[in-house]
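Work through the exercises below with the sequence and coordinates at hand. Each task is followed by a worked solution.

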Amino acid sequence: MFSGFYFNEGKSFPTSSNSSASRLSLIAFFLLLLLLPLSIFSQGETPSKQGPSDPDILFRVAEEAYKDRRFFQSIESLRNFLVLYPGNSKKTRVLSLLRDCFLKLDRPEKALEVSLDLYKMEPTGESGLESYLEAGRLLARMGEIDQAKQIFSSICRQSYSRAVAEKAALEFSGIDLLSERDEPSPEGESCREK
């Protein structure tokens with residue numbers, strides 16, 4: 001009835017057609033393996049072609065430079081990050097690392113600016129208050145004792161974090177001990193009483 005390749009009137013398939021069928025299936029299998037990764041990329045996100053301007057990569061470059069004690073390179077990467085991605089969720093981490101770089105380079109005035117920026121971003125949060133406390137410490141280190149006391153006093157009066165307020169009271173105690181006055185300052189006393 002049917003003669004030819006598929007049916008051979010009750011006889012088994014010829015071996016030559018078996019080998020060509022297996023070759024065709026192997027070729028199809030390998031083509032499928034080659035095309036599968038391309039179809040995955042076409043369905044989802046395309047691979048990033050932005051290179052080092054991607055925010056995560058740029059931040060990792062800055063972190064690695066900081067770990068390798070290449071602070072100037074880290075600062076450059078962090079500044080680029082802040083210019084290119086001003087609303088990124090890692091901005092607080094970027095500013096903290098930038099402040100640390102300036103501290104390592106003994107640039108307290110720049111670290112002070114960054115600490116105040118961090119405080120402005122989160123004035124009632126723990127990390128913002130810690131940054132404000134760090135700003136007070138930097139001012140004291142720079143010899144601006146009155147301004148440092150104002151910051152410590154402000155932190156003592158806030159009600160958002162008792163832990164940071166206690167640290168500010170300790171800073172007041174340290175300033176009072178180092179000053180040449182015989183009695184502690186009244187701001188420090190009111191801060192320690194709370």
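**Exercise 1: a helix pair**

In this predicted model, helix 5 (residues 108-121) packs against helix 6 (residues 126-141) at an angle of about 155°, and their axes lie 8 Å apart. Classify the relative direction of helix 5 and helix 6, and state the handedness of their crossing.

Solution.
1. Angles over 145 degrees count as roughly antiparallel.
2. The angle here is about 155°, so helix 5 is roughly antiparallel to helix 6.
3. The crossing of the two helices is left-handed.

**Exercise 2: the contact residues**

List the residues through which helix 5 and helix 6 meet, then divide them by character.

Solution.
1. Helix 5 contributes Pro108, Ala111, Leu112, Ser115, Leu116, Leu118 and Tyr119.
2. On the helix 6 side are Gly128, Leu129, Ser131, Tyr132, Glu134, Ala135, Leu138, Leu139 and Arg141.
3. Sorting the residues of this contact gives 11 nonpolar, 3 polar and 2 charged.

**Exercise 3: the whole chain**

Describe the secondary structure, burial, contacts and surface of the protein chain.

Solution.
1. The chain has 9 helices and 0 strands, and its pattern along the sequence reads α-α-α-α-α-α-α-α-α.
2. The chain has 194 residues, of which 30% count as buried; the cut-off for buried is under 20% relative accessible area.
3. Among contacts with a separation of 6 or more, 41% come from residues 24 or more positions apart.
4. The accessible surface is about 13,200 Å², and carbon and sulfur atoms account for 57% of that surface.

How values were computed:
Residues numbered from 1 in each chain as written. Predicted model: local features only at pLDDT ≥ 70, side-chain atom pairs only at ≥ 80, totals over all residues. Heavy atoms only, no water. Axes fitted to C-alpha atoms, helices over the stretch in contact; angles between N-to-C directions. Helix = DSSP H or I, 4+ residues; strand = E, 2+ residues; numbered from the N terminus. Parallel < 35°, antiparallel > 145°, perpendicular 65-115°, else oblique. Left-handed = near helix turned anticlockwise from the far one by under 90°. Contact = heavy atoms within 4.5 Å. Nonpolar A, V, L, I, M, F, W, Y, C, P; charged D, E, K, R; others polar. Buried < 20%, exposed > 50% of the residue type's maximum accessible area, 1.4 Å probe, protein only. Areas by Shrake-Rupley, 256 points an atom, 1.4 Å probe, with all protein chains shown as cover.
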